[in-house]
Amino acid sequence: MEPKTSHRLRDIVDYARRNSPYYSKAYAHLPHDVALEDLPVVDQEAFWEANRHPSQVITSALSEAMVFKSGGTTGSPKFSYYTRDEWAEFAGGLGRGVLEAGLRSGHRVANLFYVGELYAGFVVVLDMLRYAPVDLVNLPIGGGAPLDSTITTLSEFRVDVVMGAPTTLCRLAEQLLQQDRQLADVELLLFAGEALYDDQRRLLAAAFPNAQARSLGYGSVDAGLLGCPVAGADTRVHRACHPQTIMEVLDEETDTPIHEAGRPGRLVVTSLTRKLMPVIRYPVGDRAEWADEQAGTFRLLGRAEEGARIGMVTLYVQDVLDVVQEADTEGLVTGVQLVVRRWNGRDGLVLRLAGTQDEQAAAEPLNKLGALIVAKLNAARPMYPEAVRASKIHPLSAEWVRHTALEINSRSGKLKRVVDERPVD
């Protein structure tokens with residue numbers, strides 16, 4: 001770690017332990033001069049429990065802040081806080097990095113991300129374009145605009161670059177193909193928020209025959225700036241945004257840092273710019289491997305066990321477990337896994353429920369309980385059924401298995417809470 005980075009890390013850690021009750025407690029047993037590897041990795045459940053109102057994570061009263069809402073059920077929303085300068089660092093880092101994806105001066109850019117209800121996607125893209133060091137024509141259309149209206153705008157302005165989530169871009173492509181149309185002027189399709197799969201690429205290529213699909217950058221409202229795009233065919237590869245952040249790939253069992261290329265682990269971030277809501281060794285929810293640690297490049301490998309990303313919807317493991325516990329008044333469930341699959345061009349989630357009773361003898365009560373759990377989870381996370389109605393993802397379902405059928409880690413025997421069966425290539 002470079003001396004300047006070490007100094008900034010020490011400042012962030014000292015500030016957090018002085019001013020944040022959460023970090024003060026977490027670091028109480030540590031000496032003053034401590035290395036990054038000696039700091040505990042954040043436990044997400046404890047972190048977000050401490051961040052409820054009044055927050056024990058933030059370091060001062062809210063007098064100047066940007067507030068955003070991320071995943072979680074309607075009963076326990078998760079709020080993230082940025083100062084004006086911290087938000088400028090986030091958006092500015094993305095704006096500078098997006099040039100690597102091919103954005104250049106004179107491009108006409110359409111922003112199709114969603115806005116409202118404290119979600120950050122549209123806002124961060126709007127600001128990142130403002131900070132991008134090239135002259136642009138900015139068309140802030142938004143993801144909720146009618147598809148025909150969006151197509152008309154893209155065509156009339158001969159838009160060069162379309163930015164949006166893969167599901168939004170694919171809905172647009174489907175609408176174009178249904179009208180037997182193409183938008184040949186589009187040069188770049190810049191996506192974020194979810195992975196882009198081969199079946200989606202084929203659909204996009206049919207509607208945008210001259211466009212390349214690339215990542216516009218990697219970030220989250222919880223963790224902030226995470227990675228900038230890297231030129232090349234593999235859109236999963238990103239470069240850590242030095243010196244704003246420190247990225248680590250940690251062994252999923254021991255939390256020891258991984259340094260060799262090609263060895264998967266969970267991705268953990270430390271922000272060197274955020275002080276209002278410090279983010280220190282925070283698991284971002286994705287698995288990754290180093291492509292070249294010295295160069296700071298890493299390859300994303302899908303979601304880690306803290307949460308499952310289905311299309312643009314995130315379901316956190318603890319939220320699902322809370323719903324199961326509430327519904328399972330007779331204690332029939334002995335294990336839960338979130339299984340993410342992809343078929344017919346869309347993501348879907350299957351709740352794999354394990355029980356001790358014989359499936360045939362108890363088929364009716366088990367089926368009723370499974371249906372009740374699905375209904376309660378849909379009610380608690382309304383974004384999921386909304387995305388289903390919009391034909392973006394498959395409906396949530398439940399399947400019962402023997403406990404021995406639940407997937408475990410072959411080295412530790414621990415239960416895998418999230419099983420991602422989607423293709424990674």
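An open sheet of 4 strands, in the order 19-18-17-20 and with mixed pairing, is a good place to start in this predicted model. Strand 19 and strand 20 (418–420) are its edge strands, each pairing on one side only. From one strand to the next, the twist averages 25°. From there, the briefing moves on to the helices on the sheet, the salt bridges, a buried strand and the nonpolar cores.

**The sheet and its helices**

- Strand 17 (residues 333–343) and strand 18 run antiparallel and are joined by 10 bridges.
- Within this pairing, G335 has A354 of strand 18 as its bridge partner.
- Helix 9 (residues 317–327) packs on the sheet, where it touches strand 17, strand 18 and strand 20. The direction of helix 9 makes about 130° with that of strand 17.
- Helix 10 (residues 363–380) lies across strand 17, strand 18 and strand 19. Relative to strand 19, helix 10 runs at about 145°.

**Salt bridges around the sheet**

- E399 and R352 form a salt bridge, with their closest N and O atoms 3.1 Å apart.
- Because E399 lies in strand 19 (residues 397–401) and R352 in strand 18 (residues 346–355), this pair ties together parts that are 47 residues apart in sequence.
- Which partner of this bridge is buried, at 7% relative accessibility? That is R352, while E399, at 25%, counts as partly exposed.
- D347 forms a salt bridge with R342, and here the closest N and O atoms are 2.8 Å apart.
- D347 is buried, with a relative accessible area of 3%, and R342 also counts as buried, at 17% relative accessibility.

**Salt bridges elsewhere**

- How many salt bridges does the structure hold? The total is 22.
- The side chains of D251 and R263 meet in a salt bridge, at 2.8 Å from N to O.
- Both D251 and R263 sit in the loop between strand 11 and strand 12, 12 residues apart.
- D251 counts as buried because its relative accessibility is 4%, whereas R263, at 30%, counts as partly exposed.
- D234, R236, E289 and R299 are joined into one network by salt bridges that share partners.

**Strand 9 and its neighbours**

- Strand 9 (residues 224–229) is largely enclosed by the rest of the structure, because 6 of its 6 residues are buried.
- Strand 8 (residues 218–220) runs antiparallel to strand 9, and 3 bridges join the two.
- A hairpin through 3 residues connects strand 8 to strand 9.
- In this pairing, G219 has L225 of strand 9 as its bridge partner.
- Strand 9 also pairs with strand 10 (residues 237–240), in the antiparallel sense and over 3 bridges.
- Here G227 stands opposite A240 of strand 10.

**Nonpolar cores**

- The largest nonpolar core has 40 residues, and Y23, F47, L267 and F298 are those with the most contacts inside it.
- Which helices each supply at least two residues of this core? They are helix 1 (3–19), helix 2 (21–26) and helix 3 (44–50).
- Strand 2 (78–82), strand 11 (245–250), strand 12 (265–271), strand 13 (282–292) and strand 14 (297–303) each supply at least two core residues as well.
- Leaving aside neighbours within four places in sequence, L267 is in contact with a set of residues including Y218, M247, V249, Y282, V284, A288, F298 and L300. Also among the contacts of L267 are E248, P283, G285 and D286.
- A second, separate core has 29 residues, among them V313, A327, L332 and W400.

**Helix 5 and its packing**

- Helix 5 (residues 121–131) has F122, V124, V125, D127, M128 and L129 as its buried residues.
- An α-helix has 3.6 residues a turn, so residues three or four places apart point the same way.
- What do the buried residues of helix 5 pack against? Their partners are helix 4 (84–97), strand 3 (108–111), strand 4 (137–139) and strand 5 (161–164).

Technical notes:
Residues numbered from 1 in each chain as written. Predicted model: local features only at pLDDT ≥ 70, side-chain atom pairs only at ≥ 80, totals over all residues. Heavy atoms only, no water. Core = buried A, V, L, I, M, F, W, Y, C linked by side-chain atoms within 4.5 Å. Buried < 20%, exposed > 50% of the residue type's maximum accessible area, 1.4 Å probe, protein only. Contact = heavy atoms within 4.5 Å. Salt bridge = Lys/Arg side-chain N within 4 Å of Asp/Glu carboxyl O. Pairing = 2+ DSSP bridges. Axes fitted to C-alpha atoms, helices over the stretch in contact; angles between N-to-C directions.
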